[in-house]
Structures are given as structure tokens and as C-alpha cells.
Amino acid sequence: MANVANCKKCGALFLQTSKRDICDKCFEAQNKLISEINAFVLTSPLESIMLDDLLKRFDLSRDEFEALFNAGKFVKIGQKVTFVCAKCGKTVPIANKTNFICSNCAKKLQNEI
Ligand SMILES: [Zn+2]
Ligand SMILES: [Zn+2]
């Protein structure tokens with residue numbers, strides 16, 4: 001059963017044929033962006049790239065990145081892209097993160113609760 005739905009990204013009406021909540025155009029653009037980001041990081045001569053620089057370069061919000069990351073789109077670059085832990089200020093690869101704190105601090109937080 002196909003539903004007509006509003007695209008979550010651009011608001012356009014589209015025929016929803018799967019669980020996807022964005023239209024074909026945005027879906028295509030998103031896929032393109034994902035492969036561009038992966039290619040950029042993988043071919044970069046730098047040892048690591050700050051997540052914020054990456055987001056700025058590709059005009060992506062942390063929330064959008066987070067959603068794609070959780071969907072497993074950035075597994076290949078998880079060790080090379082780094083972020084600053086909001087709790088301890090250490091720079092860690094995004095592969096080791098829970099939300100935007102490092103796994104060490106996440107563990108500590110869990111123990112505190
Ligand atoms: Zn759209
Ligand atoms: Zn930390």
C-alpha cells in the first residue's frame with residue numbers, strides 16, 4: 001500500500017512506497033552526500049578529520065549526521081573522523097562515541113546512575 005506523505009526534509013508530497021520518510025529527490029541527494037563524505041575522508045591525506053570540519057564542509061547538522069551514522073552509513077570512516085568529547089574534552093574517533101561523549105565517559109555516567 002502506497003501512502004502520500006510529506007517529505008521530512010523538503011516538505012514535498014511524495015508517494016511513500018517504503019518506510020523511508022523522505023522523497024526520492026532527497027533520498028538521492030542524501031546517498032550522494034554520504035558517498036561524497038566517505039570518499040572525502042577515505043582519500044584525505046590527513047590522519048584524522050574533525051567532525052565539525054566535516055559537517056561545515058558538507059553543510060550537515062550534527063543531528064543529520066548522527067541519524068546517518070546510527071544507520072550505519074559511516075562505518076568505513078568511523079576511526080578517521082574524530083570529535084571532542086563533551087565531558088572530558090578528549091579527541092576520540094566517532095566509532096567510539098555514544099551521543100557526543102566518548103565511550104569512557106559514557107561508561108562513567110552509567111556507573112554514576
Ligand atoms: Zn524531499
Ligand atoms: Zn570523554
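Colleague: Which side chains meet Asp 52 and Arg 62 in a salt bridge, or rather, how far apart are the N and O of that pair?

Modeller: In this predicted model, Asp 52 and Arg 62 pair up in a salt bridge, with 3.3 Å from N to O. The two partners sit in distant parts of the chain, 10 residues apart: Asp 52 belongs to helix 2 (residues 51-58) and Arg 62 to helix 3 (residues 62-70).

Colleague: And is Asp 52 buried or exposed?

Modeller: In between: Asp 52 counts as partly exposed, at 37% relative accessibility. Arg 62 is partly exposed too, at 30%.

Colleague: Good. How many salt bridges does a search of the whole structure find?

Modeller: Five turn up. One of them joins Asp 21 to Lys 8, where the closest N and O atoms are 3.5 Å apart. That pair also links distant parts of the chain, 13 residues apart, and both ends are in loops: Lys 8 between strand 1 (3-6) and strand 2 (13-16), Asp 21 between strand 2 and helix 1 (24-43).

Colleague: How accessible is Lys 8?

Modeller: Lys 8 is exposed, with a relative accessible area of 67%. Its partner Asp 21 is partly exposed, at 34%.

Colleague: What about Asp 24, which side chain does that one meet in a salt bridge?

Modeller: Arg 20, at 2.9 Å from N to O. Asp 24 has a relative accessible area of 49%, so it still falls in the partly exposed class, since exposed means over 50%. Arg 20 counts as partly exposed as well, at 25%.

Colleague: Let's switch to the inside. Which residues touch the most other members in the largest nonpolar core?

Modeller: Ile 37, Leu 51, Leu 54, Phe 65 and Phe 74, out of 25 residues in that core. The elements giving two or more residues to it are helix 1, helix 2, helix 3, strand 4 (81-84), strand 7 (101-102) and helix 4 (103-112).

Colleague: Any general background on that sort of grouping?

Modeller: In soluble globular proteins, nonpolar side chains tend to be buried together.

Colleague: Take Leu 51, then. What is it in contact with, leaving aside neighbours within four places in sequence?

Modeller: Leu 51 contacts Phe 65, Val 81, Thr 82, Phe 83, Ile 94 and Phe 100. Phe 65 is also one of the residues named for touching the most other core members.

Colleague: And what lies apart from the largest core?

Modeller: Another core, made of six residues. Among them are Ala 5, Phe 14, Cys 23 and Cys 26.

How values were computed: Residues are numbered from 1 along each chain as its sequence is written. Chains are lettered from A and ligands numbered from 1 in the order in which they are written. This is a predicted model: local features need pLDDT of at least 70, side-chain atom pairs count only at pLDDT 80 or more; totals for chains, interfaces and linings use all residues. Side-chain values use heavy atoms; hydrogens and water are left out. A salt bridge is a side-chain nitrogen of Lys or Arg within 4 Å of a carboxyl oxygen of Asp or Glu. Helices (H or I, at least four residues) and strands (E, at least two) are DSSP runs, numbered from the N terminus. Buried means under 20% relative accessible area, exposed over 50%, partly exposed in between (1.4 Å probe, protein chains only). A nonpolar core is a set of buried Ala, Val, Leu, Ile, Met, Phe, Trp, Tyr and Cys residues joined through side-chain atoms within 4.5 Å. Contact means heavy atoms within 4.5 Å.
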